[in-house]
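Grab the model and work through a few short exercises. Try each task yourself before reading the solution.

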Amino acid sequence: MTTAPQKVALVTGAARGIGLAAAKRFLADGWRVALLDIEGELLASAVAALKQRDTTLALTCDVSDAAGVTKAMAAIAGCFGRLDALVNNAGIAVFTPVLETSDADWSRIMAVNLTGPFLCTKAAAPLMREHGGGAIVNITSISAVRASTLRSAYGTSKAGLAHLTKQLAVELAALGIRVNGVAPGPVETAMAKAVHTPEIRADYHDAIPLNRYGLEEELAEAIFFLCSERASYITGQILAVDGGFDAAGIGLP
Ligand code: NAD
């Protein structure tokens, strides 16, 4: 009897937050996981704490750096020999009024949140193709579909990523690669702690039918599902994991 090869996932922005929770979810199901992050020390301690030396690979890399992404993909090919799932999770948020948003912040947000997934997808697809395809999940945001103040750069980058998800789903189907998105509502992570003021928190609580922030593990479950065989006929979709925020349609200031 032959056993199925152990699958491999690459999660970007995996040193903490939603990315780390997603990496843990793959590991719990017996996958091997490459964890990539720009913060080398944070990543090293997160990976050490997983205590899974044989099934993890830590890669320090900026997703907006094409040469770095190519190098990281070569390391995955060398270490694991295959890639079955890519989670484009690395992202940054700067919440500022549009007229006070610096050109540098605008460019950096687009580079990390939109160009990063493009570069990682381009580098990952050939490796996925070698073993018959795979799945990509892009982490967008509820800010991609709901406009509000302070999020012009962030929301626009995520709306671009949501559209890129659909473009990629159409183009990469021929390679056996499914591409979907997960759109989180607010989740209590380091990012939320940095940009959600008490006023923003109050607005979210009022606007979310389930009346609370999401948990990293709840996002990880949706990401894992879309990468799994159980989602084998799903591609080009954006799954909102937001406590009903988008469905309720209550505007944020
Ligand atoms: P987080 O800040 O806790 O974690 C993000 C990780 O990405 C960090 O470890 C960071 O070092 C890494 N990272 C940042 N820039 C990078 C780069 N250039 N290259 C590689 N790694 C980089 O954030 P989080 O809340 O876990 O967010 C994860 C994703 O979910 C992001 O794309 C974010 O936009 C999205 N999201 C989060 C929320 C929320 O409320 N937390 C809501 C909607 C969407």
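Below are four exercises on the ligand shell, two helix pairs and one residue.

Before you start, note that this is a predicted model, where local features need pLDDT of at least 70, side-chain atom pairs count only at pLDDT 80 or more, and totals for chains, interfaces and linings use all residues. Residues are numbered from 1 along each chain as its sequence is written.

**Exercise 1.** Work out which residues come nearest to the ligand and which helices supply its shell.

*Solution.* Start with the shell: a residue is near the ligand if its C-beta atom, placed from the backbone, lies within 6 Å of it. Of the 29 residues around the ligand, the nearest are Gly13, Gly17, Gly91, Thr189 and Met191. Next, find the helices (DSSP runs of H or I, at least four residues, numbered from the N terminus). At least two shell residues come from each of α1 (17-28), α4 (103-130) and α6 (190-195). Finally, sort by class: Ala, Val, Leu, Ile, Met, Phe, Trp, Tyr, Cys and Pro are nonpolar, Asp, Glu, Lys and Arg charged, and the others, Gly among them, polar. That gives 15 nonpolar, ten polar and four charged residues.

**Exercise 2.** Describe how α1 packs against helix α8 (residues 216-227).

*Solution.* Take the axes as lines fitted to C-alpha atoms over the stretch in contact, with angles from 0 to 180 degrees between N-to-C directions. The axes of α1 and α8 come within 8 Å and cross at roughly 55 degrees. Angles under 35 degrees count as roughly parallel, over 145 as roughly antiparallel, 65 to 115 as roughly perpendicular and the rest as oblique, so α1 and α8 are oblique to each other. The residues of their contact (C-beta atoms, placed from the backbone, within 7 Å) divide into eight nonpolar, one polar and five charged.

**Exercise 3.** Do the same for α4 and helix α5 (residues 152-172).

*Solution.* First the geometry: α4 and α5 pack at about 15 degrees, with axes 9 Å apart. That makes α4 roughly parallel to α5. Then the classes: 13 nonpolar, four polar and two charged residues make up the contact of α4 with α5.

**Exercise 4.** Is Ala46 buried or exposed?

*Solution.* Locate Ala46 in helix α2 (residues 40-50). Now count: 20 or more other C-beta atoms within 10 Å means buried, 12 or fewer exposed, and in between partly exposed, with C-beta atoms placed from the backbone. Ala46 has 21, so Ala46 is buried. Leaving aside neighbours within four places in sequence, Ala46 is in contact with Ala15, Arg16 and Leu20.

Terms used:
Two residues are in contact if their C-beta atoms, placed from the backbone, lie within 7 Å.
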